[in-house]
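Here are a few short exercises to work through with the viewer open. Try each one yourself before reading the solution.

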Amino acid sequence: MAKLIINEENKLGTIAPEIYGHFSEHLGRCIYEGIYVGEHSDIPNVNGMRIDVVEALKELQVPVLRWPGGCFADEYHWKDGIGPKEKRKKMINTHWGGVVEDNSFGTHEFMELCRQIGCKTYINGNLGSGTVQEMSEWVEYMTFNGVSPMAELREKNGSREPWKVDFFGVGNENWGCGGNMTPEYYGNEYRRYQTYVRNYDPNQPIAKVCCGASADDYHWTEGVLKTCYDHTPGDLHGFMDYLSLHYYVVPEGWEMKGSSTDFSEEAWYKTLSKALYMETLIKGHAAIMDQYDPVKKIGMSVDEWGTWYTCEPGTNPGFLYQQNTVRDALVAGITLNIFNKHCDRVRMAALAQMVNVLQSVLLTEGDQMIKTPTYHVMHMYRHHQGATLLESSLTNVEPVGPDEWVVPKVTESVSENEQGIITITLNNLSVESVEKVEVQFARSGYQVVEAHIVSDADMHAHNTFEAPETVTEKVFAGYEVEPHGLNVTLPCNSVVEIRVAR
């Protein structure tokens, strides 16, 4: 039997709500059809945004949304997406599917979407093919409240009051699709561009996100930080508030990727093993960050993460549309537990992507919408947002899986909110057997407030438009309350949340 020891007296830090962020790119049917259908659509909408999608996202308590990319960001010219829609420029989306982008969803529409969801805004600027002036004017257009050409243009386009930009990414994946730069070259470009991401309202500063590495490219992290630190007085806070990291779980490698629904038991464990690699990456990049920022003023932003499979048969391969199974629920549970336990450095993240693309939380088809297993996991985990991480550790955890892809049978994280409610999230990674976990607290007298589970005995189980509730969040009763804790029985393939209070 595994044992989870929780020391609720030892509080380790705050789990930033932004760790539970999302990403929406002009890619496939994420924005168009997935989120935005236009004001004249027969699909119920408010100002063009699908009502069903917005309501589902509000239930998730989405804290922040990143837009417009992704690779698309570094070919996006923001002035193409403002003004009367019939006059907006059309372009070919060269990164994703070669389809026509009509720019009907632009800055004003994104800000309206965030208003409806009630989330913070994360804008990704164009460093790869854009100019310093273009980026500077976009920030002025969005945030300046005074007399200026950009403020006047914003008012002419229907928004008299400026918006709040919470986070601004200075380029995206500039080691690859954002310009194929060296870390030193990008570091110098970052220094220049970020200078003109001005805080026009000192009471609402913009947090600047520097482009970090892909997976285990520690050379990039070292080179960028060294370049940015050179000849910079004091620390980097304000000059750089976040350094990003991108990592995708690709079971069979980038050439084959693997099916999202037709996979073997070995592929199950291979996928979960690669999800667990996120912790190695965080530790590796954090160690380099510690050399330049030992007091941890700069946050790590894992603003692209999730599973990446071969797209669904019969769909445009450039649209990256894939199904979402119980396996993805486990990837989400594993990854979010890792983020929680590294909240001292990881302070923002974005699941890729929100709707109809990669490991999305929602899928749409016409006027239909379904919630994926990943959605239900993130809905359970929302209770960690803004809570305090508690010291916790697992012992007697059995390894499972084939030798090359062996994984611990159970992973966990534990937090406590302001009301004193403790949230425990547990994952059973085994595809075939239950696991009993003894949960032990430092104090006694806890009672279960609520408990839920996302699970299915069939590792391939997923939701379809014909059967939308095959995998859902259900009430969990597999526990017994003891004087100093709980005895929990985790089914195979399960993500479990148990909330307790005294």
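A definition to start: the expected span of a helix is 1.5 Å times one less than its number of residues. Keep in mind that this is a predicted model.

**Exercise 1.** Work out how the reach of helix α6 sits against its expected span.

*Solution.* Start with the count: α6 covers residues 218-229, which is 12 residues. Next, go from its first C-alpha to its last, and you get 16 Å. That's close to the 16 Å expected at 1.5 Å a residue. Step past the end of the helix and you'll hit His231, with a positive phi of about 65°.

**Exercise 2.** Find which residues of α6 are buried and what they pack against.

*Solution.* Use under 20% relative accessible area as your cut-off for buried. In α6 that picks out Trp220, Thr221, Gly223, Val224, Leu225, Thr227 and Cys228. Now look at their neighbours: the buried residues of α6 pack against α5, β10, β11 and α7.

**Exercise 3.** Locate the largest nonpolar core and its best-connected residues.

*Solution.* This core has 112 residues, and Phe168, Tyr186 and Phe339 have the most contacts inside it. Helix α7 (residues 265-292) gives the most to it, with 13 residues. Another core, of 22 residues, lies apart from it, with Leu390 and Val437 among its members.

**Exercise 4.** Trace the strand partners of β8.

*Solution.* On one pairing, β5 (residues 64-67) joins β8 in the parallel sense over 4 bridges, with Val64 partnered by Lys120. Then β9 (residues 167-170) pairs with β8, also parallel, over 4 bridges, and here Gly125 stands opposite Val170. Finally, check the cover: 5 of the 6 residues of β8 are buried.

Note on methods: Residues numbered from 1 in each chain as written. Predicted model: local features only at pLDDT ≥ 70, side-chain atom pairs only at ≥ 80, totals over all residues. Heavy atoms only, no water. Core = buried A, V, L, I, M, F, W, Y, C linked by side-chain atoms within 4.5 Å. Buried < 20%, exposed > 50% of the residue type's maximum accessible area, 1.4 Å probe, protein only. Helix = DSSP H or I, 4+ residues; strand = E, 2+ residues; numbered from the N terminus. Pairing = 2+ DSSP bridges. Contact = heavy atoms within 4.5 Å.
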